[in-house]
Amino acid sequence: MENENLSNVAADADFDIFPAESPATEGYQKLDISSEQKLAVSHLFSVLPSLAAANTVATAYEVRFPIGLPHTLTKLKQGGYGSMVRGDNGAFAGSASFYKMKAQAVALSAVSVMSLASGQYFLSQINSKLNVMKLNTDKILEFLYGDKRSELISEIAFVKSAYQNYSSLMTHDDQRIATIVSLQAAKKTAMKDIEFYLMDLDSLTNSSNAADVETTVRKALQIRDSLELSTQLCIVSTVLETYYSENHDSSYIRYLERELTTYIDKCEKRMLGSFSILSKLVADHKDKPWKKLNKTEIEQAVSEIIDTLNSGEESAARKFIHTALYSPIDAKDYKVLPNGEIYLKTA
């Protein structure tokens, strides 16, 4: 497609491009990209005149290095670089090849970088809103227990790695596909563990008696923390799968949102039932002459959980699900500078 003009290329890639009214970046978030990605974006500026004039190709070139040679061009005294490649001993070892890049390929490459960078930015919100991405292993081990401890720890460690290395793994198809499969497995593990902890909580609150109330409340709070972590693992693995697969089909996203929010609602209702029983157990407790219970503190801890579950307000998890799933679909405005820097409009 060597003679496509700018409008045709933009239409094919579903984007619009136009000069910015101002170079100011207020209200924009600078996206974190590698030097290679900056280079791909900066090439866009070299093809814009050609595209606008409907010329054949741009003055941008792709460099390919022979296998086994260092990937470093020779710096020239007059500025720029030559195609000769020097070896470790300083002698010329060979020559890199330059291939003229089609304008369409340059434009699509730049758009791809913008999409990848914005995806990483949206995923970074996970780190600030969900405990599963913030807690270190030692902190998690304080409340996880039983058989589920080791499998949850391993799945959480994997999901963190998938999040932190998103930009790199997305550019390697074999690793990207393997990551998607592992994310699907992590979601299954999370849902299985959620059911385990819900059953454990139900069993605990229905079989306890007033004499064990302090121990029961402490155990229930531990289960509640484990449930929250498992739920967040389920959410994060689901969201990450859509980013890695780049499946942002609107009907699929609506299905995922409905599935996750419905499941979370059911889990919260079951938790509410268990903690309501626990609240009555605490209220009915009678101190023994030889043992007194700090009833006020325990009642407050249980009451706070019940109020949160019974408030009827949209939970932080449900808000996050909607934002994380729909952010890649929403129209986005970027400001791109000639040096390859990308800014995403956030205000």
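The questions and replies below concern a predicted model.

Me: At what angle do helix 9 and helix 11 pack?
Reply: Two packed helices are described by the angle between their axes and the distance between the axes. For helix 9 (residues 213-245) and helix 11 (residues 295-310), the axes lie 11 Å apart, and the crossing of helix 9 and helix 11 is left-handed. The angle at which helix 9 and helix 11 pack is about 35°.

Me: How many residues of the contact of helix 9 with helix 11 are nonpolar?
Reply: On the side of helix 9, the residues that meet helix 11 are Glu-214, Val-217, Leu-221 and Arg-224, while helix 11 brings Ile-298, Ala-301, Val-302 and Ile-305 to the contact. Among the residues of the contact of helix 9 with helix 11, two are charged and no residue is polar, and the number of nonpolar residues is six.

Me: Which are the edge strands of the sheet in the order 1-8-7?
Reply: The open sheet is formed by three strands in the order 1-8-7, with antiparallel pairing, and the twist from one strand to the next averages 30°. An edge strand pairs on one side only, and this applies to strand 1 (28-30) and strand 7 (334-336).

Me: Which residue in strand 8 does Lys-30 stand opposite?
Reply: Strand 1 and strand 8 (residues 342-345) run antiparallel and are joined by three bridges. Opposite Lys-30, the residue that stands in strand 8 is Tyr-343.

Me: Is Ser-167 buried, partly exposed or exposed?
Reply: Ser-167 has its place in helix 7 (residues 166-169), and, not counting residues up to four places away in sequence, Ser-167 touches Leu-116 and Gln-120. Because buried means under 20% relative accessible area and exposed means over 50%, the relative accessibility of 22% makes Ser-167 partly exposed.

Me: How far apart in space are Ser-167 and Ala-117, C-alpha to C-alpha?
Reply: In sequence, Ser-167 and Ala-117 are 50 residues apart. In space, the C-alpha to C-alpha distance between Ser-167 and Ala-117 is 7.3 Å.

Me: Why is there no bond from the sulfur of Cys-234 to the closest cysteine sulfur?
Reply: A disulfide is a covalent bond between the sulfur atoms of two cysteines, and the cut-off for counting such a pair is within 2.5 Å. Cys-234 is buried, with a relative accessible area of 2%, and Cys-267 is buried as well, at 7%. The closest cysteine sulfur to that of Cys-234 is in Cys-267, and this is too far for a bond because the distance is 8.3 Å.

Me: How many disulfides does the count come to?
Reply: Seen from Cys-267, the closest cysteine sulfur is in Cys-234, at 8.3 Å, which is too far for a bond. By the rule of sulfur atoms within 2.5 Å, the count of disulfides comes to zero.

Conventions
Residues are numbered from 1 along each chain as its sequence is written. This is a predicted model: local features need pLDDT of at least 70, side-chain atom pairs count only at pLDDT 80 or more; totals for chains, interfaces and linings use all residues. Side-chain values use heavy atoms; hydrogens and water are left out. Axes are lines fitted to C-alpha atoms, for helices over the stretch in contact, and angles run from 0 to 180 degrees between N-to-C directions. Helices (H or I, at least four residues) and strands (E, at least two) are DSSP runs, numbered from the N terminus. A crossing is left-handed if the near helix is turned anticlockwise from the far one by less than a right angle, and right-handed if clockwise. Contact means heavy atoms within 4.5 Å. Ala, Val, Leu, Ile, Met, Phe, Trp, Tyr, Cys and Pro count as nonpolar, Asp, Glu, Lys and Arg as charged, and the others, Gly among them, as polar. Two strands pair if DSSP finds at least two bridges between them. Buried means under 20% relative accessible area, exposed over 50%, partly exposed in between (1.4 Å probe, protein chains only).
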